[in-house]
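Me: Hi, could you walk me through this structure? I'm new to it.

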Amino acid sequence: MIVPNSPGQPLIPAIGYIRVSMMLEEKISPDIQRAAIKELARRRGYRVIEWVEDLDVSGRTFQRQIMGVIADVEEGKAKAILVWKYSRFGRNRTGNQLNLARVEKAGGELISATEEVDARTAVGKLTRGVLFELAAFESDRAGEQWGEAFQNRLARGLPPLGNAQFGYIRRGRVRHPLYHDRTLAAPEDGPERYEPDHASGMAGILADAYDRWIADRNFSTLADWVNARGARTTTGGKFRPPELLRVMDRGFAAGLICVHHRDCRCAKPSTCRNKEYHPGAHEPVISKETWETYRRLRKITSELPPRARRAVYPLSKLLKCGYCTHAMYPLKVHRSGTMAWVCGSIYRKHYDIPRCGSRFVMMETVEEAVQQVLVEWLPDIEAAAAQATASLQTAEIEESQQEVLRRELERIDKALERQTELLIAEVIPQSSYEPVRDKLLGEREKVLGALAQFDDPSDPIDPMKCVPVIEGLVQEWDSLPADQLRNILAEVIDHIDVYRQDPTTAWIVVHSVWGDQRRRTLRARFSKWRKRADVE
């Protein structure tokens, strides 16, 4: 039994902590928790100096305001944390132990209003530990049930969380009368489904957003365009570039469901970039080709530094010094405004990075050489495509060989399973089972080794798909803005290595995205010694 403080003693400062979980069965009113904590403080002689509430927050994580409460105890502002139940403190085994240890090390204590135990005794510590373990068990059980519901909705082609989707109307559900963030099934409206919102025009705006971004690749201007047409987020606010980016990256408009990758074990699935796509049951509003183009261009732009996404020069962040691999930066080399590319090592003189020298090349000569490489690529790509027909037969032969190996692997696995069943049923002794098992395992290793020779983890880019891009670059080089020219170049050029041997000798090596390399010698005009050069 807990004995209250003696009369006349000063009240002990404490912080009342209230947490309401996202689980429906844990929607305990904050007023009920507050009343229980006040009664505990009255009986035990505590003075609640502050109330901290985490509303609609899960106890599985400690990324909530409870961490500030623990810090206040460590700083001596309070001597106790008062909760309704120990489960309000947390449902994470590791987090409970670590953070409770911080509280007790600082001389504080955690007290439950409805589970009063004396944690200063061995029995009290055991009881509190059992209560914490029960809370963690309930969390794990609820998590398993939620995982089953998650997979069930995913198998049906529905968003696992049941979120509203921009450009679509959710059918078969009605809003919950008590909870604004929940819905109920509406059988009179048919099964749950998502239909494109053509009536309001939001589906058309979503589809046009992909085409406009592919052409411009600027989420800021795209967000302004979307907002100007009256489109709003699913919560009723205006679109900001990051929000619009997330909506489009989700791929719902392409008929896909985007979820956290099942093999990723990170602690933040909502913000993790490791995603996977599953087919949805809803109607897409954009074509598969548009979606693939969007993803390919998004991958290119996401790998660029923010400043290079709105490039001032066509070759920004494509040029690298061939000697030290540092990026090349633009530099004005004459009062007339003549620009050059200079090795980035000269800007690192304050760091412990060796400089490779003041190498620079004229911007005009590099652009001319790149255009020449683009012109060279066109006939070579078309010639290679003509030879691809001959290699098609070889690919078909390899595919048939892989199929034979897969069938052989399946046969061996079934034989292993059959031998194991015979051993378990005591039809054959262990001495007869082991030689057959070892033989089958050896055959299996050989088949797996043969299959590994056909595996190609890379996803090579078909150069024929780059032909229209290259043709457009060659024809519109002088008319396209620098930022658009830079974005289009990144579709066919991975990077360009720049070399300069002496004042009159320099060259570049252009690396294509499909693996080809071309070397071009730069005109001697690139250096300040151009008057001594033999050629202009």
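Me: Which residues in helix 6 meet which ones in helix 7?

Reply: Happy to help! This is a predicted model, where local features need pLDDT of at least 70, side-chain atom pairs count only at pLDDT 80 or more, and totals for chains, interfaces and linings use all residues. Residues are numbered from 1 along each chain as its sequence is written, and side-chain values use heavy atoms, with hydrogens and water left out. On the helix 6 side, Ile 205, Asp 208, Ala 209, Arg 212, Trp 213 and Asp 216 meet Phe 219, Thr 221, Leu 222, Trp 225 and Val 226 of helix 7; contact means heavy atoms within 4.5 Å.

Me: And how many aromatic pairs are there?

Reply: The count comes to 16 aromatic pairs, with rings of Phe, Tyr and Trp (its six-membered ring) pairing if their centres lie within 6.5 Å; planes under 30 degrees apart count as stacked, over 60 as edge-to-face and the rest as tilted. One of them joins Phe 166 and Phe 239 edge-to-face, 4.9 Å centre to centre with 70° between the planes.

Me: Where do Phe 166 and Phe 239 lie?

Reply: Phe 166 is in the loop between helix 5 and strand 5, and Phe 239 in the loop between helix 7 and helix 8, so the pair ties together parts that are 73 residues apart in sequence. Helices (H or I, at least four residues) and strands (E, at least two) are DSSP runs, numbered from the N terminus.

Me: Are those two buried or exposed?

Reply: Both Phe 166 and Phe 239 are buried, meaning under 20% relative accessible area, with exposed over 50% and partly exposed in between (1.4 Å probe, protein chains only).

Me: Which residues do ring pairs link into a cluster?

Reply: Tyr 210, Trp 213, Phe 219, Tyr 277, Trp 291 and Tyr 294.
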